[in-house]
Amino acid sequence: MANLSYMTPDVRALFGEASAAAREVLVSLPTRDRDLFLARLERWFQNLVDGLGPVYGTRHDYDAVITRLVRMLARQYLERPEPLKLLDLERDLSPDWFQRETMVGYVCYVERFAGTLQGVLERLDYLSELGVTYVHLMYVLRPREGENDGGYAIADYVDVDPRLGSIDDLDVVCAALRERGMSVCVDLVLNHCADTHVWAKAAAAGDERYRDYFYTYPTREEPDAFERTLPEVFPDFAPGNFTWVSAMQRWVWTTFNAYQWDLNWSNPAVFLELVHIMGELANRGVEVMRMDAVAFMWKRLGTDCQNQPEVHDLLQALRACSKIATAAVAHKAEAIVSPSDLIHYFGTGRRFGKVANVAYHNSLMVQFWSALASRDTRLMTHTLRSFPPTPPSIAWGCYIRCHDDIGWAVTDEDAAAVGLSGQGHRHFLSDYYSGQFPGSHARGAVFQYNPATGDRRISGSFASLCGLEAALEARDERLVQFAIDRILLGHALICGFGGLPLLYMGDEIGLRNDYGYLRDPDHAADNRWLHRPTMDWEAVARRFLVGSVEHRLFEGLLAILRARKRTPQLHATYPTEVLDVHPHLLVTLRRNPLGPMLAVFNLTEAHQTLLMAVLHEHGLVQPFDQLDQRFVDTSGEHLHVAPYQRVWLV
Ligand code: GLC
């Protein structure tokens with residue numbers, strides 16, 4: 001046993017009990033195999049208890065919870081299939097696997113992309129053609145019947161939606177993708193489960209053990225007290241945060257829809273259940289857990305009940321669990337919150353680098369749309385420059401579109417810093433992307449208008465928000481080209497920012513809004529289905545038709561992806577700096593031992609110029625454009641940047 005003197009005496013005692021319990025579970029394993037588990041347990045134990053202590057440490061059964069947990073982790077390791085154990089070892093050796101410049105993510109609804117899980121197997125060549133190394137399959141786990149929030153109301157976390165296949169198909173798909181060097185990511189909805197989950201049903205039937213899995217109240221007193229400071233996520237179709245459940249004669253906390261019951265994470269039984277589920281999924285071959293709606297996992301009276309410190313502690317503990325039992329698995333946090341809250345999902349202070357491996361860069365996404373609409377990058381530059389430093393072990397999940405709406409997460413302070421009114425700018429963006437603003441090229445729809453705050457979020461596909469829908473209708477080739485350039489600009493931004501790019505299904509060929517959702521009674525009320533189209537494989541086939549929109553977009557994207565893979569400066573371990581040098585260009589700098597990378601993105605349809613001195617100042621003497629594959633002429637005083645052009649200089 002290694003020297004454990006770095007542990008405090010009480011942690012050492014806990015570790016002693018826990019490792020003894022693990023040994024018992026693993027007794028049938030060869031010594032070396034067992035020792036590997038124990039080595040991982042020791043490596044991550046401090047992180048685990050540093051996360052759990054602040055949350056459950058004062059409970060009388062705290063030690064027993066830890067022992068039960070470690071026994072569970074040992075069982076997961078015991079049951080872990082050999083190929084996955086090998087992957088664990090590889091990832092122990094290459095913990096930066098998800099940070100690499102070779103990583104390319106693809107995000108799709110299984111049903112919309114391929115019909116079923118088996119159907120995914122028929123699309124592997126397509127994913128390989130794109131060079132994808134990570135596939136987020138939405139949604140896979142069995143959701144509630146009928147309305148289910150796009151699959152985010154889970155009725156059974158360890159079963160697959162029968163319309164998509166069986167749980168064994170999940171193993172097959174994971175193995176097939178792994179074979180191709182693609183990691184499967186699956187949603188783990190942590191904040192809530194469906195009202196039809198067995199836990200919820202048992203609670204409704206009066207089982208106290210399960211009632212304690214949720215936040216329930218006999219009267220309005222406590223809900224009213226919380227409501228005083230709680231915002232509403234779906235003010236339109238699910239106002240308020242509590243739902244009366246008559247079977248139980250109690251109010252249940254439901255942040256999202258009435259049928260999504262918030263889980264009570266102050267109960268360690270809930271923690272243990274979710275760890276069990278993580279292990280089940282990991283042992284089927286899931287490599288990335290997308291931890292859904294994590295900001296809401298902890299409630300505190302008098303606050304907005306988001307981003308509470310306990311959330312970060314719990315996530316740190318969950319990550320330690322994966323590291324101990326199923327080491328290959330990475331965690332991606334879905335916290336669509338403001339920049340100052342977002343950074344905590346990578347860990348700050350004592351949690352630095354210990355919380356999630358990947359988190360969505362919601363701000364980059366919002367700022368892309370904001371700068372595009374205003375033809376001005378000052379807010380973008382200011383906001384991105386204000387981000388605190390990130391740990392070297394993480395990667396931003398960089399995206400332009402996903403299955404959700406766009407909320408204008410622009411703070412009043414950031415807006416004021418560049419002379420804008422926060423509210424005024426947010427209104428402008430909603431007007432612009434809903435197509436109401438004069439001259440707007442966008443075809444979006446307002447999602448969840450909130451009269452209390454004036455907020456209007458926006459739905460719509462990448463292509464339609466970029467003007468492709470309107471341009472094609474107008475049969476105006478100049479406008480079509482602008483739309484294509486805006487889309488490729490977005491792709492180049494997420495691929496060249498220095499995180500893990502997440503391409504959303506259909507955006508590689510410019511799928512437009514799908515108005516068909518209005519005919520489906522389960523979807524009609526939720527216009528996020530506008531940008532959740534069924535994959536149009538005929539349009540995909542047109543990627544070979546030279547000159548077609550699909551061909552121009554697909555080839556353009558492939559060129560960007562190829563450039564990404566040969567640009568080691570894009571490994572995520574080095575931070576991205578944003579230079580404050582131009583009101584219409586975004587200029588990023590990535591310092592790297594191999595030499596710097598300076599990327600320039602023109603967010604306008606006008607020609608722009610950048611002082612050559614900026615390049616020289618950052619060591620780019622003979623700059624080579626990775627995207628264009630040519631040296632840049634530095635004889636003049638300026639770098640010329642064409643409308644919507646993107647340049648990656650090394
Ligand atoms: C996440 C999902 C979103 C869902 C919500 C509630 O934000 O991306 O689609 O509505 O969580 O689960």
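Asp262 and Lys299 join their side chains in a salt bridge, with 2.6 Å from N to O. Keep in mind that what you're looking at is a predicted model. Between domain 1 and domain 2, the count comes to one salt bridge. Polar contacts add to the picture: eight residue pairs make them across the interface of these two domains, both partners being at pLDDT 80 or more.

So much for the pair; now for the parts of the chain. Three domains are assigned: domain 1 (101-189 + 272-568), domain 2 (198-262) and domain 3 (571-649). Note that domain 1 is written as two stretches, 101-189 and 272-568. Going by C-alpha atoms, the centres of domain 1 and domain 2 sit 28 Å apart. Their contact involves 29 residues from domain 1 and 23 residues from domain 2.

How much area do domain 1 and domain 2 bury between them? The size of an interface is often expressed as the accessible area that is lost when the parts come together. Here that figure is about 2,000 Å², with 60% of it on carbon and sulfur atoms. On the domain 1 side, Glu273, Lys299 and Gln448 provide 29% of the area buried against domain 2, more than any other three residues. Lys299 is thus a name to remember: it belongs to that trio and also to the salt bridge with Asp262.

On to the ligand. Which residues come nearest to the ligand? Out of 13 residues around it, the answer is Asp149, Asp292, Glu334, His403 and Asp404. By type, the shell around the ligand splits into six charged, four nonpolar and three polar residues. Domain 1 and domain 2 each give at least three residues to this shell, and these two domains also share the interface described above.

Some side chains place a polar atom (N or O) a short step from an oxygen atom of the ligand, and here are three of them:

| Residue | Distance from its polar side-chain atom to a ligand oxygen atom |
|---|---|
| Asp404 | 2.4 Å |
| Glu334 | 2.7 Å |
| Arg290 | 3.0 Å |

How much of the ligand's accessible area does the protein cover? On its own, the ligand has 310 Å² of accessible area, and the protein covers 94% of that. Two residues in the table, Glu334 and Asp404, are also among those that come nearest to the ligand.

Methods
Residues numbered from 1 in each chain as written. Predicted model: local features only at pLDDT ≥ 70, side-chain atom pairs only at ≥ 80, totals over all residues. Heavy atoms only, no water. Near = heavy atom within 4 Å. Polar contact = N/O pair within 3.5 Å; in protein donor to acceptor, adjacent residues only side chain to side chain. Areas by Shrake-Rupley, 256 points an atom, 1.4 Å probe, with all protein chains shown as cover. Nonpolar A, V, L, I, M, F, W, Y, C, P; charged D, E, K, R; others polar. Domains from an automatic or database assignment. Contact = heavy atoms within 4.5 Å. Buried area = accessible area lost by both parts, 1.4 Å probe. Salt bridge = Lys/Arg side-chain N within 4 Å of Asp/Glu carboxyl O.
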